[in-house]
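Hi everyone, thanks for making time for this. I'd like to walk you through one model, so please have a look at the sequence and the structure before I go on.

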Amino acid sequence: MDRQALDEALADRYDADERSRRIVSRQAQDLADSCRIARDLGYPLSVEDVLANLDDAPEEHTLVERWNWWLGALDLSHGGYERFRVRPDVAGLDQSE
């Protein structure tokens, strides 16, 4: 997982501020480093995988909401993904976006 490439791709694709992109990129890197995706789905996590899954989230969702939507689905199907979610209240993100 190339964290910088992901941040740049998120900037190009989503209307998200730098802080949100940085947080999601960091969580994606942590997820990739954990090898959970490789173990559960059979392939290493890539920038393209992250973008494809974020694109599946409801269109009106913010970047962080998209990330949490995807992680929630992974947690429901495989378990153990809750720790990679972003807590907007802890991250200091405005939840009224």
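**The core and the helices around it**

Let's begin in the middle: the largest nonpolar core has 25 residues, and L10, L31, V50, W67 and W70 are those with the most contacts inside it. By nonpolar core I mean a set of buried Ala, Val, Leu, Ile, Met, Phe, Trp, Tyr and Cys residues joined through side-chain atoms within 4.5 Å. Buried stands for under 20% relative accessible area, exposed for over 50%, and partly exposed for in between, with a 1.4 Å probe and protein chains only. Helices α1 (3-13), α2, α4 (47-55) and α5 (63-78) each supply at least two residues of this core, and the largest share, 6 residues, comes from α5. Helices here are DSSP runs of H or I with at least four residues, numbered from the N terminus. As general background, nonpolar side chains in soluble globular proteins tend to be buried together.

A word on where this comes from: it is a predicted model, in which local features need pLDDT of at least 70 and side-chain atom pairs count only at pLDDT 80 or more, while totals for chains, interfaces and linings use all residues. Residues are numbered from 1 along each chain as its sequence is written, and side-chain values use heavy atoms, with hydrogens and water left out.

Now to α2. This helix has 17 residues and reaches 24 Å from its first C-alpha to its last, close to the 24 Å expected at 1.5 Å a residue; the expected span is 1.5 Å times one less than the number of residues. At its start, a side-chain oxygen of D17 comes to within 3.1 Å of the backbone nitrogen of R19. After α2 comes C35, with a positive phi near 65 degrees. The buried residues of α2 include R21, S25, Q27 and L31, and I'd like to pick out three from this helix.

Take S25 to begin with. S25 is buried, with a relative accessible area of 1%. Which residues does S25 touch, not counting those up to four places away in sequence? They are R3, L6, D7 and L10, where contact means heavy atoms within 4.5 Å. Its C-alpha is also 12 Å from that of L54, 29 residues apart along the chain.

Next is Q27, found in helix α2, residues 18-34. Q27 counts as buried because its relative accessibility is 11%. Leaving aside neighbours within four places in sequence, Q27 is in contact with W67, R83, F84, R85 and V86.

Then there is L31, with contacts that include R36, L45, W67, W70, Y81 and F84, again leaving aside neighbours within four places in sequence.

**Over to α5 and the rings**

For α5, 16 residues at 1.5 Å a residue should span 22 Å, and the end C-alpha atoms are 22 Å apart, which agrees. Among its buried residues are L63, W67, N68, W70 and L74. Just after α5, G79 takes a positive phi of about 75 degrees.

How many aromatic pairs does the structure hold? There are 2. One is W67 with W70, edge-to-face, at 5.4 Å centre to centre and 80 degrees between the planes. The pairing rule takes rings of Phe, Tyr and Trp (its six-membered ring) with centres within 6.5 Å; planes under 30 degrees apart are stacked, over 60 edge-to-face, and the rest tilted. W67 and W70 are 3 residues apart in helix α5, so about one helical turn separates them. W67 is buried at a relative accessible area of 0%, and W70 is buried at 5%. The rings of Y81 and F84 have centres 6.4 Å apart and planes at 50 degrees, so that pair is tilted. Y81 counts as buried at 0% relative accessibility, and F84 is buried at 4%.

Y81 has a further partner: R36 lies over the face of its ring, at 4.8 Å from the ring centre. The cut-off there is NZ of Lys or CZ of Arg within 6 Å of the ring centre and within 35 degrees of the ring normal.

Let me finish with N68, also in helix α5. N68 is buried, with a relative accessible area of 10%. Beyond neighbours within four places in sequence, N68 is in contact with R85, V86 and P88. C-alpha to C-alpha, N68 and P58 are 11 Å apart, with their places 10 residues apart in sequence numbering.

Definitions and conventions:
Polar contact = N/O pair within 3.5 Å; in protein donor to acceptor, adjacent residues only side chain to side chain.
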